[in-house]
Amino acid sequence: MMVNEPLRDTKTETSKHIPKETKRFNPKKLLIDNNTYIILFILIVISSLLSNTFLTPMNIRNIALQQSGPILVAIGMLFVILTGGIDLSVGSVMAVGATISAILITNDHMNFLLAILIAMIVGLIFGIFTGALVSYANFQGFVASLATMTIASGFAFVLTKGTPIMIPPGTLDNIVNPKFFYPIIIIAVVLAILFALIQRYTGWGRIVIAVGSNPIAVQLAGIRTKRYIMSTYAVSGLLAALGGVFIAARSATGDATIGTGDELDAIAACVIGGASLAGGKGFVFKTVAGALILGLIGNIMNLMAVPSYPQDIIKGFIIIAAVLLQIFTSKSEKGV
């Protein structure tokens, strides 16, 4: 005997397995979201067409070694910019990191790893000092970091007495040694991934972005924004000092002039990477791409024997073009 079963509503059951909202592929949005990576790719293609040596392993290795330090400095700058601030002291803090590590290794014969650690701690202190001026003394980021820039630059010159310190072979150059798979490249990659994860998946990263997007709402939520703002300057100082150590390792010299003008390159890398100087917008990997774009521009102009001064002019126009592109894409993004 057959039992009359209730009719199954197949239409309802099928609908359960269909997502309520399906994201449609939007090529325009894809291009807007990834414009920095697209610019980097186009630049690589153009550079490879302009020079036969551009894509050689040696040149790629040189780019990676040269940009390891600037990438770290740009990442530190990004977190400050995310809060709506600016850090002009990173170039001078790089000089401090380079000179301290050189002095400790050359004059005091200290182990190079301990010397690097001390240099980073000093950079961290400079960052905390700048952050405290901004957070608790209500200095503008521009003014506070300008003061720190002057102090750090003078500190580096006092340490070296104006004379570059030659680092003996077999010490700090261990971190650029190919026998150890170029540690500075590995460190730069690991730190870039680490800070990208921190930005995206930790409360600290999300609050830093929120502070730049809507500081009043964050304060009303009971979050102590001053601590977060100060911490971004601390990160910036720490990474700037490490970036200075990288340059000292490559050049085997601790010079107080290391990092001169690099604060502008770090800001430019963030802007090219899509960061907003008003705060609240920017991403680590895009900033890394921005730093690589600047590095590739310098590299291809060197390969084509373009003198250094015209390079600065070309770089300036590229930064203007990048800002215009970001303005254009921001307007387009609202219409997508």
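The paragraphs below lead from the overall build of this protein to two pairs of packed helices and one glycine.

The model is a predicted one, and it contains 14 helices and 2 strands. Taken along the principal axes, the box filled by the C-alpha atoms is roughly 100 × 55 × 45 Å. Of the 336 residues in the protein, 46% are buried, while the surface that the protein exposes comes to about 18,000 Å², with carbon and sulfur atoms supplying 69% of it. If one takes the contacts between residues with a separation of 6 or more, 79% of them join residues that lie 24 or more positions apart.

With this outline in mind, one can turn to how particular helices meet. Two packed helices are described by the angle between their axes and by the distance between those axes. Consider helix 5, which covers residues 90–106, and helix 6, which covers residues 112–135: their axes come within 9 Å and cross at roughly 150°. Because an angle over 145 degrees counts as roughly antiparallel, helix 5 is roughly antiparallel to helix 6. The crossing in which helix 5 passes helix 6 is right-handed. On the side of helix 5, the contact is made by Val 93, Val 96, Gly 97, Ile 100, Ser 101, Leu 104 and Ile 105, and these meet Phe 112, Ala 115, Ile 118, Ala 119, Val 122, Gly 123 and Phe 126 of helix 6. Sorted by class, the residues in this contact are 11 nonpolar and 3 polar, with no charged ones.

A second pair is formed by helix 8 (residues 183–201) and helix 11 (residues 225–251), whose axes come within 11 Å and cross at roughly 165°. This angle makes helix 8 roughly antiparallel to helix 11, and here the crossing of helix 8 past helix 11 is left-handed. Helix 8 contributes Ile 184, Ile 187, Leu 191 and Phe 195 to the contact, whereas helix 11 contributes Val 235, Leu 239, Leu 242, Phe 246 and Arg 250. By class, 8 of the residues in the contact of helix 8 with helix 11 are nonpolar, none is polar and 1 is charged.

Finally, a single residue can be followed through the model. Gly 203 is found in helix 9, which spans residues 203–213, and Gly 203 is described as partly exposed because its relative accessible area is 35%, a value between the limits of 20% for buried and 50% for exposed. Along the chain, Gly 203 and Ala 102 are 101 residues apart, and in space their C-alpha atoms are separated by 37 Å.

Definitions and conventions:
Residues are numbered from 1 along each chain as its sequence is written. This is a predicted model: local features need pLDDT of at least 70, side-chain atom pairs count only at pLDDT 80 or more; totals for chains, interfaces and linings use all residues. Side-chain values use heavy atoms; hydrogens and water are left out. Axes are lines fitted to C-alpha atoms, for helices over the stretch in contact, and angles run from 0 to 180 degrees between N-to-C directions. Helices (H or I, at least four residues) and strands (E, at least two) are DSSP runs, numbered from the N terminus. Angles under 35 degrees count as roughly parallel, over 145 as roughly antiparallel, 65 to 115 as roughly perpendicular and the rest as oblique. A crossing is left-handed if the near helix is turned anticlockwise from the far one by less than a right angle, and right-handed if clockwise. Contact means heavy atoms within 4.5 Å. Ala, Val, Leu, Ile, Met, Phe, Trp, Tyr, Cys and Pro count as nonpolar, Asp, Glu, Lys and Arg as charged, and the others, Gly among them, as polar. Buried means under 20% relative accessible area, exposed over 50%, partly exposed in between (1.4 Å probe, protein chains only). Accessible areas come from the Shrake-Rupley method with a 1.4 Å probe; for residues, only the protein chains shown count as cover.
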